Amino acid sequence: MDRRKFLMSTVLTAGSVALLGKKSFASLLADPAYQFKPLRGNVGMFAEQGGTIAWLVNKDGIVVVDAEFPDPATHLIAELKKQSDKPFEWLINTHHHGDHTGGNISFKGIAQHVAAHANSLTNQKASAVKQKTEDKQLYPDTTYTDKWKVKVGDERITAHYFGAGHTNGDSFIHFEHANVVHTGDLVFNRRYPFVDRSAGASCKSWITVLEKAQKQFDKDTLFVFGHAFDPQKVTGNMDDVKAMQHFMESLVNYVDSSIKAGKSKQEILATKAIPGVTEWQGDGIERGLTAAYEELSA
Ligand SMILES: [Zn+2]
Ligand SMILES: [Zn+2]
């Protein structure tokens, strides 16, 4: 389903008759449309524009994982305030990219703390300097390097860092009681991923990172993905994590064997289909090919 059709169906299923009584169809389309839904055990998801958000609301506090951009973050904050008057104890960033941290600023004065991997903070600062957006950032005040835990009410949240992947600062954020994990951009579900070598990404290490995730989490874990080709599939299970690992493996193996067979960079980057990859869609196949080529030929 394309984005526009998806937005329309979302709008039309959201109590369309009652809403249409008050508003014109055009004004409905102009309204912000987003997904805000509970998943399991006080944990839910939010998606509007950018990387998917996960949230926790329990009787002691509110936790948000990733922040999209300022406007979506404002919509999310309003929804969460309808659910609870408890404090926003933590905002956690899976990694530094603007579609995950751009909305941090909307939590200024609202979130008590912001946490992220140390490399995510370094990358966020470097990007802000480069893009001259330092005044639009809310930086993490708490950083970690491998594992970090925090308790909010009866929920324990653990961040796991398994090494470089999509950048060098991506964590899995595990709501242990609910058994819901935010993968950040370590999983692009059935969609060609971005691979940010300028921020320390590694295609080879990404495979290992996803292997470790499969050992750490289990068959009952519900996953929230940074991105998906089908906007309905930003959540999933271990099979989707395995599929992402298979994609990264196929990409690395294909580029490696092509280099060894003497193919030119140009030939490799012109690839339209990676052998063994059947489910990945959309544009951007060249992003992974370029990153893998640069990494393997370095
Ligand atoms: Zn993203
Ligand atoms: Zn990203």
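**Group meeting talk: a buried proline, two zinc ions and two helix pairs**

Good morning. Let us begin with one residue: P140 is buried, because its relative accessible area is 8%, and the cut-off for that term is under 20%. Please keep in mind that the structure before you is a predicted model.

Where does P140 sit? The residue belongs to the loop that runs between α6 (118-131) and β7 (142-144). What does P140 touch, once its neighbours within four places in sequence are left aside? The contacts are N93, V114, A115, A116, L121 and Q124. In addition, P140 and L91 are separated by 49 residues in sequence, and their C-alpha atoms are 8.5 Å apart in space.

I turn now to the metal sites, starting with the zinc ion (ligand 1). Its protein donors are D99 and D185, each through OD, together with H100 and H227, each through NE2. These donors lie 2.1 to 2.2 Å from the ion. Along the chain they follow the spacing D-H-x84-D-x41-H. The pair H100 and H227 links distant parts of the chain: H100 is in helix α5 (residues 98-101), H227 is in strand β14 (residues 227-228), and 127 residues separate them.

Why is the arrangement around the zinc ion (ligand 1) called irregular? The four donor atoms subtend angles of 87 to 165°, and therefore the arrangement is irregular. A tetrahedral site would need all angles to lie between 85 and 135 degrees.

Are H100 and H227 buried or exposed? H100 is buried, as its relative accessible area is 0%. H227 also counts as buried, at 11% relative accessibility.

The zinc ion (ligand 2) has its own set of protein donors: H95 (NE2), H97 (ND1), H166 (NE2) and D185 (OD), at 2.1 to 2.2 Å. Their spacing along the chain is H-x1-H-x68-H-x18-D. The site is irregular, with angles of 89 to 167° among the four donor atoms. Of these donors, H95 is buried at a relative accessible area of 0%, and H97 is buried at 14%.

Which residue connects the two sites? D185 bridges the zinc ion (ligand 2) and the zinc ion (ligand 1). The two ions are 3.4 Å apart.

My last topic is helix packing. Two packed helices are described by the angle between their axes and the distance between the axes.

Consider helix α7 (residues 203-216) and helix α8 (residues 238-260), whose axes come within 9 Å and cross at roughly 160°. That angle makes α7 roughly antiparallel to α8, because angles over 145 degrees are classed in this way. The crossing of α7 past α8 is left-handed. On the α7 side, the residues that meet α8 include W206, I207 and L210. On the α8 side, M238, V241 and M244 are among those that meet α7.

The second pair is α8 with helix α10 (residues 285-297). Here the axes come within 9 Å and cross at roughly 55°. The two helices are therefore oblique to each other. Here α8 passes α10 in a right-handed crossing. From α8, the contact is made by L251, V252, Y254, V255, D256 and I259. From α10, the partners are G288, L289, A292, Y293, L296 and S297. Note that L251 and V252 are named in the contact with α7 and also in the contact with α10.

Thank you for your attention.

Conventions: Residues are numbered from 1 along each chain as its sequence is written. Chains are lettered from A and ligands numbered from 1 in the order in which they are written. This is a predicted model: local features need pLDDT of at least 70, side-chain atom pairs count only at pLDDT 80 or more; totals for chains, interfaces and linings use all residues. Side-chain values use heavy atoms; hydrogens and water are left out. Donors are N, O and S atoms within 2.8 Å of the metal (3.2 Å for Na, K and Ca); water is not among the atoms, so sites may look incomplete. Four donors count as tetrahedral if all angles lie between 85 and 135 degrees; four count as square planar and six as octahedral if opposite donors are over 155 degrees apart and all others between 65 and 115; anything else is irregular. Helices (H or I, at least four residues) and strands (E, at least two) are DSSP runs, numbered from the N terminus. Buried means under 20% relative accessible area, exposed over 50%, partly exposed in between (1.4 Å probe, protein chains only). Axes are lines fitted to C-alpha atoms, for helices over the stretch in contact, and angles run from 0 to 180 degrees between N-to-C directions. Angles under 35 degrees count as roughly parallel, over 145 as roughly antiparallel, 65 to 115 as roughly perpendicular and the rest as oblique. A crossing is left-handed if the near helix is turned anticlockwise from the far one by less than a right angle, and right-handed if clockwise. Contact means heavy atoms within 4.5 Å.
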